Amino acid sequence: MGARTRGRVDGLPEWDRCAVMGVVNVTPDSFSDGGRWFDTEAAIKHGLDLVAQGADLVDVGGESTRPGAARVGEDEELRRVLPVVRGLAGEGVVVSVDTMRASVAAQAVAAGAVLVNDVSGGQADPEMVPAVAEASVPFVVMHWRGQSIDMNNRAVYTDVVGEVLAELTESVHRAVEGGVDPARIVVDPGLGFAKRAEHDLALIAALPRLTAELGHPMLVAASRKRFLGRVLSDEKGAPPPPARERDAATAAVTTLAAREGAWAVRVHEVRASADAVRVVRAVRSAAEALPALPQPTTTQAETPAETPAETEAAT
């Protein structure tokens with residue numbers, strides 16, 4: 001568990017703990033912070049601020065994937081994303097591009113991005129896998145059942161963990177068969193995408209199984225999502241708090257994910273999660289330094305007496 005199962009991703013730095021991916025949404029309609037970083041200069045500054053707060057890499061996206069969101073045009077996505085990627089990469093930031101379009105991925109890589117994070121896992125654009133393979137960059141393959149406009153209708157499962165495992169495995173196989181290096185693949189269970197709160201919670205509970213059976217580093221992206229609002233509303237007996245009031249709950253998931261061996265967490269508010277992953281690392285190091293406990297020994301007096309039937313059977 002933990003550091004032993006985090007894995008490393010070829011083409012990216014190797015961190016000695018769960019990494020923290022900060023989010024820069026260059027969109028007017030993100031569920032969490034839409035419009036705050038829509039201006040290029042503001043987005044670049046925000047990305048640099050996230051690094052200063054402890055982010056190891058920054059994920060730049062120009063298209064909202066909130067439930068019900070309509071897609072933006074390719075030209076508009078490029079206009080939003082490329083200057084921010086170029087600006088952050090120019091400052092030495094490890095940049096990921098969050099896109100479902102092969103053309104955006106390819107141009108973002110040319111502008112300095114070193115990771116492609118596709119929430120569709122290569123399904124939305126048939127050219128994505130070939131583009132990633134040609135670029136030889138790491139690729140996040142997320143569990144996905146369809147576009148945001150109607151994904152809530154697809155949140156139907158008999159066994160959510162088993163079905164996500166099977167569907168993610170298929171997406172990984174498609175990526176590998178399309179030429180993506182398996183050592184550069186990261187998997188993401190797709191919390192909040194075609195899933196209800198109970199599905200998201202079950203997947204978090206099953207992170208050790210997901211990591212073990214998928215066999216690739218795991219990205220956990222729970223930040224500010226609806227299921228956290230549902231959990232908090234259940235506790236308080238009040239309506240779910242707005243997205244920006246779910247950061248403490250997000251940090252709790254970060255702690256769980258780091259403890260269970262996630263390679264990275266994707267978050268909007270970095271500082272609390274950056275602290276959380278470092279605490280998990282420190283506790284793990286302390287646990288590894290503890291002396292091994294002596295094994296209990298069984299004395300003759302503690303050995304259970306034979307029953308009459310056992311005695312008779314032995315004669």
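Helices (H or I, at least four residues) and strands (E, at least two) are DSSP runs, numbered from the N terminus. With that in hand, here are some notes on the model.

1. Before the details, a word on the source: this is a predicted model, in which local features need pLDDT of at least 70 and side-chain atom pairs count only at pLDDT 80 or more, while totals for chains, interfaces and linings use all residues. Residues are numbered from 1 along each chain as its sequence is written, and side-chain values use heavy atoms, with hydrogens and water left out.

2. Let us start with Ser 171, which is found in helix H5 (residues 160-177). Its relative accessibility is 2%, so Ser 171 counts as buried (buried means under 20% relative accessible area, exposed over 50%, partly exposed in between, with a 1.4 Å probe and protein chains only). Neighbours within four places in sequence aside, Ser 171 is in contact with Gly 121, Gln 123 and Val 141 (contact means heavy atoms within 4.5 Å).

3. Now for the sheet. Its 8 strands form an open sheet in the order S6-S5-S4-S3-S2-S1-S8-S7, with parallel pairing (two strands pair if DSSP finds at least two bridges between them). S6 and strand S7 (219-220) are at the edges with a single partner strand each, so one side of each has no neighbour in the sheet.

4. At one edge, strand S5 (residues 139-142) and S6 run parallel and are joined by 4 bridges. Met 142 has Asp 188 in S6 as its bridge partner. Within strand S6 (residues 185-188), Ile 185 and Val 187 point one way, Val 186 and Asp 188 point the other way, and all are buried. This fits a familiar pattern: in a regular strand the side chains alternate between the two faces of the sheet.

5. At the other edge, S7 and S8 are paired in the parallel sense over 2 bridges. Here Val 220 stands opposite Val 265 in S8.

6. Strand S2 (residues 57-61) deserves a look too, as 5 of its 5 residues are buried. Leu 57, Asp 59 and Gly 61 lie on one side and Val 58 and Val 60 on the other, so to speak, with both faces covered. S1 and S2 run parallel, joined by 5 bridges, and Met 21 has Leu 57 in S2 as its bridge partner. S2 also pairs in the parallel sense with strand S3 (residues 95-98), over 4 bridges; there, Val 58 has Val 95 in S3 as its bridge partner.

7. What is the count of aromatic pairs? It comes to 1 aromatic pair (rings of Phe, Tyr and Trp, the last by its six-membered ring, pair if their centres lie within 6.5 Å; planes under 30 degrees apart count as stacked, over 60 as edge-to-face and the rest as tilted). The ring centres of Trp 15 and Trp 263 are 6.3 Å apart and the planes are at 55°, so the pair is tilted. This pair links distant parts of the chain, 248 residues apart: Trp 15 is in the segment before strand S1 (19-25), and Trp 263 is in the loop between helix H9 (247-259) and strand S8 (264-267). Trp 15 and Trp 263 are both buried.
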